[in-house]
Amino acid sequence: MASRTIAYFMIGLPGSVKSSLADDVVVQMPDIEIVSSDAFIEEYAQYKRKTYTEVFLETVACAEENVKKTVARIVSNGKSFIWDQTNL
């Protein structure tokens with residue numbers, strides 16, 4: 001039987017434990033990859049020694065493009081993923 005891609009979407013308010021739950025799922029199912037625009041922005045902020053809020057506007061478009069490319073790669077490889085994103 002061929003594998004199929006399963007997408008899990010964790011979208012909600014900041015602090016609603018989306019990322020913690022996603023991390024817990026990966027422990028149980030290590031073949032699943034977490035895709036997060038928030039993580040991309042946070043990494044960039046740390047690199048620039050700024051806050052997430054300070055770099056958000058300059059990086060959000062790039063972060064979204066990064067997520068799209070990552071999801072395309074995961075799907076083309078027949079893997080599953082968790083999309084972890086804050087929504088306001």
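Student: Where is the place of arginine 49?

Tutor: In this predicted model, arginine 49 sits in the loop between helix 2 (37-48) and helix 3.

Student: Why is arginine 49 called exposed?

Tutor: Its relative accessible area is 80%, and the word exposed applies over 50%, so arginine 49 counts as exposed.

Student: What is phi of arginine 49 near, and what kind of value is that?

Tutor: Phi of arginine 49 is near 60°, which is a positive value in a residue that is not glycine. Valine 17, which is found in the loop between strand 1 (7-12) and helix 1 (18-28), also has a positive phi without being glycine, in its case near 65°. The relative accessibility of valine 17 is 56%, and the cut-off for exposed is over 50%, so valine 17 counts as exposed.

Student: What follows helix 3, and what is its phi?

Tutor: Helix 3 is followed by glycine 78, whose phi is near 70° and positive.

Student: What makes the end C-alpha atoms of helix 3 count as "only" 31 Å apart?

Tutor: Helix 3 has 25 residues, and a straight helix at 1.5 Å a residue would reach 36 Å, so the 31 Å between its end C-alpha atoms falls short of that span.

Student: Where does helix 3 bend, and by about how many degrees?

Tutor: Helix 3 bends at glutamate 58, by about 65°.

Student: Which residues are buried in helix 3?

Tutor: The buried residues in helix 3 are Val55, Thr59, Ala63, Val67, Thr70, Val71 and Ile74, and this word is kept for residues under 20% relative accessible area. The buried residues of helix 3 pack against strand 2, helix 2 and strand 3.

Student: Which six residues make up the largest nonpolar core?

Tutor: The largest nonpolar core consists of Val35, Val67, Val71, Ile74, Phe81 and Trp83. Helix 3 and strand 3 (81-86) are the elements that give two or more residues to this core, and the largest share, three residues, comes from helix 3. Valine 71 touches Val35, Phe81 and Trp83, when residues up to four places away in sequence are not counted.

Student: Why is the meeting of glutamate 33 and arginine 73 called a salt bridge?

Tutor: The side chains of glutamate 33 and arginine 73 meet at 2.8 Å, N to O, and the cut-off for a salt bridge is within 4 Å, so the pair qualifies. A search of the whole structure finds one salt bridge.

Student: What parts does the pair of glutamate 33 and arginine 73 tie together?

Tutor: Glutamate 33 lies in strand 2 (residues 33-35) and arginine 73 in helix 3 (residues 52-76), so the salt bridge ties together parts that are 40 residues apart in sequence.

Student: What makes glutamate 33 count as partly exposed?

Tutor: The relative accessibility of glutamate 33 is 29%, and partly exposed covers what lies between the cut-offs for buried, under 20%, and exposed, over 50%, so this name fits glutamate 33. By the same reasoning arginine 73, at 39% relative accessibility, also counts as partly exposed.

Student: How many aromatic pairs does the count come to?

Tutor: The count comes to three aromatic pairs. One of them joins phenylalanine 9 and tryptophan 83, with 5.8 Å from centre to centre and 35° between the planes.

Student: Why is the pair of phenylalanine 9 and tryptophan 83 called tilted?

Tutor: Planes under 30 degrees apart would be stacked and planes over 60 would be edge-to-face, so the 35° between these two planes makes the pair tilted. Phenylalanine 9 lies in strand 1 and tryptophan 83 in strand 3, so the pair ties together parts that are 74 residues apart in sequence. Ring pairs also link Phe9, Phe81 and Trp83 into a cluster.

Student: What separates tyrosine 52 and phenylalanine 56 in helix 3?

Tutor: Tyrosine 52 and phenylalanine 56 are four residues apart in helix 3, which means that about one helical turn separates them. They form a tilted aromatic pair, with 5.8 Å centre to centre and 35° between the planes. Tyrosine 52, with a relative accessible area of 26%, is partly exposed, and phenylalanine 56, at 29% relative accessibility, counts as partly exposed too.

Terms used: Residues are numbered from 1 along each chain as its sequence is written. Side-chain values use heavy atoms; hydrogens and water are left out. Buried means under 20% relative accessible area, exposed over 50%, partly exposed in between (1.4 Å probe, protein chains only). A nonpolar core is a set of buried Ala, Val, Leu, Ile, Met, Phe, Trp, Tyr and Cys residues joined through side-chain atoms within 4.5 Å. Contact means heavy atoms within 4.5 Å. The bend at a residue is the angle between axes fitted to the seven residues ending there and the seven starting there. Rings of Phe, Tyr and Trp (its six-membered ring) pair if their centres lie within 6.5 Å; planes under 30 degrees apart count as stacked, over 60 as edge-to-face and the rest as tilted.
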